[in-house]
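Trainee: Got a minute to go through a model with me? I'd like to start with one residue and then move on to the sheet.

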Amino acid sequence: MKITILDDYHDTIRELACFKKLDGHDVTVWNDHLQDVDALAARLADTEALVLIRERTKIRTPLLERLPRLRLISQRSVYPHIDIDSCTRLGIIVSSNMHAGTPSFATAELTWGLILAAMRQIPQQMESFKAGTWQIGVGNTVGGRTLGIYGYGRIGKVVAGYGVAFGMKVLVWARAESRDRAAADGYEVAASKDEFFERCDVLSLHMRLYDATRGIVTAADLARMKPTSLLVNTSRAPLVETGALEKALRAGRPGMAAVDVYEEEPVRDTSHPLIGMDNVVCTPHIGYVTREEYELQFSDIFDQITAYGDGSPANVVNPDVLKAARPRG
């Protein structure tokens, strides 16, 4: 099978142990990033199975309609970047393991790293030190403060545990079922969303991006935060109302932010409003970018390709396609 892997920025995938699962296939790995439809259509003209690294490349209808040999898209996690209805119409199977039972410890660890970096001003202090200025200010400890977990799923639960280890009080807000789980785990649940935003000293977002969660954090929510508080987003940028975070930070509520995700990625423009703010710590969507996490994720992705080749597609998110899927080559 002709397999194409897009957006392997650091040429890492060929070095993974799980890459051996593709032995016997004709595999092409691209290390750059393209979004131009014409260029992608030419690049993928002979591709039968397409491997995606999260949402790095958008796979939309104009591109899909120019890929007559494509039979399978294999990836992991959510898929707002793929036109699923068009895939179904064109007979293209989309396999995506949602890893419901496995938390991304890599993302949870980065979340905690960003919390400490922002609260202690670590990047700013480093830049000051390099410039010969020595200390530039006084940071804040996290012990005794309130850590808000918005979305009590796999990652949120892990981050809550880190908060307890650092002596923080954990407060949770989420959908009703998740609030019940948090309460059963011994965490305090806020009486309302308004109270949640008002009380948190550190507020971390841990939700999947769906239509129902897009823009779920509004400008009004941010305005309720303390001027000393920190908002952390290692989930998805569109969870926050477009443009609301930049305006809120300029208004002083919240006082700080730490973000790993952006509306349009990759971000190449150094004039991006968040990057230039002194009260924001920014990282380039590296929450899941560790070798250990790659081994886990790509093992699943390659297993999906094997399952398809064996005639038993797995983790199919558009099951209606199975009635008229393109024949295997």
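Mentor: Sure, this is a predicted model, and we'll take a single side chain and then the strands and helices.

Trainee: Where does Asp221 lie?

Mentor: Asp221 is part of helix 9, which covers residues 219-223.

Trainee: Buried or exposed?

Mentor: Asp221 counts as buried, because its relative accessibility is 3% and the cut-off for buried is under 20%.

Trainee: OK, so which side chain does the side chain of Asp221 make a polar contact with?

Mentor: That of Lys193, at 2.8 Å. A polar atom of the Asp221 side chain also lies 2.9 Å from the backbone nitrogen of Thr218.

Trainee: And leaving aside neighbours within four places in sequence, what is Asp221 in contact with?

Mentor: Lys193 again, plus Phe197 and Ile216.

Trainee: Switching to the sheet: what's the strand order?

Mentor: It's an open sheet of seven strands, ordered 8-7-6-9-10-11-12, with parallel pairing. Strand 8 (188-189) and strand 12 (280-282) are at the edges with a single partner strand each, so one side of each has no neighbour in the sheet.

Trainee: How many bridges pair strand 6 with strand 9?

Mentor: Four, linking residues 146-150 with residues 202-205 in the parallel sense. Within that pair, Tyr150 sits opposite Leu205.

Trainee: Which strands does helix 4 lie across?

Mentor: Helix 4 (residues 105-119) lies across strands 6, 9, 10, 11 and 12, and runs at about 150° to strand 10. Helix 10 (residues 244-251) packs on the sheet too, touching strands 10, 11 and 12, with its direction at about 150° to that of strand 11.

How values were computed. Residues numbered from 1 in each chain as written. Predicted model: local features only at pLDDT ≥ 70, side-chain atom pairs only at ≥ 80, totals over all residues. Heavy atoms only, no water. Helix = DSSP H or I, 4+ residues; strand = E, 2+ residues; numbered from the N terminus. Buried < 20%, exposed > 50% of the residue type's maximum accessible area, 1.4 Å probe, protein only. Polar contact = N/O pair within 3.5 Å; in protein donor to acceptor, adjacent residues only side chain to side chain. Contact = heavy atoms within 4.5 Å. Pairing = 2+ DSSP bridges. Axes fitted to C-alpha atoms, helices over the stretch in contact; angles between N-to-C directions.
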